[in-house]
Amino acid sequence: MGRLQGKSVIITGAGSGIGRAAALLFTREGAKLIAVDRTEAVNETVDEVKKAGGIAEAMIADAGSEKDVMAMIDKAVKTHGRLDVIWANAGISGGLVPLGEQTVEHWQEVLRVNLIGPFLAVKHAMPHMVKQQSGAIVLTASVAGLKAGASGHPYAASKAGVISLVQTTAYSLTGTGVRINAVCPGLIETGMTKPIFDRAKERGTQDKIGQLNPLKRPGQPHELAAMGLFLASDEASYVNGQAFPVDGGLTAS
Ligand code: NAD
């Protein structure tokens, strides 16, 4: 019996990196998945899930659009009869633009995808989960939302916002049996960070990447998926309103 056996699950950003690893792990644990991404890469994720004997459907959608978020939740409820878990994981880095050159449009797009997207997932998943009196919401924040580092200003602000969204929503869900938590990845080797790894390879400095944390290496997507699985599963039944760094110890120092 899997840890998410028979549960109806949505994961956004499932076309790559952490979301893809989560799609593979969650379906191995028995989840019935709607895998969402804005790119067709999500079809490859679903092919991989099916090859491994899992249950998943792909949906191409924008996780920052209210219409699309409503459509993905509707699809999960129509296809699987309920919604047990949503992991709002899709995100964009926004790049490293000097503060004086950042535009309102740049900030708005990063906040739209990284913060308003998770808000919409919470808003539209809540009614179903509250009706069921059960459910688990997982959001992907970042260590960038906990302390200043090498990421861009709108990115860090969006992720700090996600942590705040988790805390305030836990209180909004009082008495409903629905839980909400966030994961805060450190430096993880994914599509998002590929330019960092590629640049280091060009310079022959790849061994220096990830040296700032006590484990002295970058993380891998499956190591985030494992934390997401715990938070989504009934094993985390008393874990609520928290943001968990999965960062090799980076923020412990
Ligand atoms: P990734 O680029 O490999 O995967 C992100 C996926 O999200 C991509 O498939 C992309 O197409 C999708 N996506 C982006 N915008 C979308 C939108 N509007 N609608 C639907 N899908 C969209 O990156 P990743 O590292 O796996 O990122 C997953 C999450 O982890 C993000 O929220 C990111 O901010 C967060 N994170 C990553 C790191 C890291 O070091 N990789 C660190 C901290 C936080």
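In the predicted model, helix α1, which spans residues 17–28, contributes three residues to the shell around the ligand, and no other element gives more. Of the 28 residues that surround the ligand, those that come nearest are Gly13, Gly17, Gly91, Thr190 and Gly191. When the residues of this shell are divided by class, 15 are polar and 10 are nonpolar, while three are charged.

The helix α1 also takes part in a crossing with helix α7, which covers residues 221–232; the axes of the two helices come within 8 Å and cross at roughly 55°. Because angles of 35 to 65 degrees fall outside the parallel and perpendicular ranges, α1 is oblique to α7. The crossing of these two helices, α1 and α7, is right-handed. On the α1 side, the contact is made by Gly17, Ile18, Arg20, Ala21, Ala22, Leu25 and Phe26, and on the α7 side it is made by Pro221, His222, Leu224, Ala225, Ala226, Gly228 and Leu229. The contact of α1 with α7 comprises, by class, 10 nonpolar residues together with three polar and one charged. Gly17 thus appears both among the residues that come nearest to the ligand and among those of α1 that make the contact with α7.

A second pairing joins α1 to helix α2, formed by residues 41–51, where the axes come within 10 Å and cross at roughly 25°. Since an angle under 35 degrees counts as roughly parallel, α1 and α2 are described as roughly parallel to each other. The crossing of α1 and α2 is right-handed. In this contact Arg20, Ala23, Leu24 and Thr27 of α1 meet Thr45, Glu48 and Val49 of α2, and the classes represented between α1 and α2 are three nonpolar, two polar and two charged residues. Arg20 of α1 is therefore listed in the contact with α7 as well as in the contact with α2.

Elsewhere in the chain, helix α3 (residues 66–80) and helix α4 (residues 104–132) have axes that come within 9 Å and cross at roughly 35°, and α3 passes α4 in a right-handed crossing. The residues that make this contact are Glu66, Val69, Met70, Ile73 and Val77 from α3, with Leu120, Ala121, His124, Ala125 and His128 from α4. By class, seven residues in the contact of α3 with α4 are nonpolar, two are polar and one is charged.

With regard to annotation, an unreviewed UniProt entry places the feature "domain: Ketoreductase" at residues 7–186. Over residues 7–186 of the model, the chain is 48% helix and 19% strand, and the C-alpha atoms at the two ends are 28 Å apart.

Note on methods
Residues are numbered from 1 along each chain as its sequence is written. This is a predicted model: local features need pLDDT of at least 70, side-chain atom pairs count only at pLDDT 80 or more; totals for chains, interfaces and linings use all residues. A residue is near a molecule or strand if its C-beta atom, placed from the backbone, lies within 6 Å of it. Helices (H or I, at least four residues) and strands (E, at least two) are DSSP runs, numbered from the N terminus. Ala, Val, Leu, Ile, Met, Phe, Trp, Tyr, Cys and Pro count as nonpolar, Asp, Glu, Lys and Arg as charged, and the others, Gly among them, as polar. Axes are lines fitted to C-alpha atoms, for helices over the stretch in contact, and angles run from 0 to 180 degrees between N-to-C directions. Angles under 35 degrees count as roughly parallel, over 145 as roughly antiparallel, 65 to 115 as roughly perpendicular and the rest as oblique. A crossing is left-handed if the near helix is turned anticlockwise from the far one by less than a right angle, and right-handed if clockwise. Two residues are in contact if their C-beta atoms, placed from the backbone, lie within 7 Å. UniProt positions are given in the numbering used here, feature names are shortened, and annotations may be inferred rather than shown by experiment.
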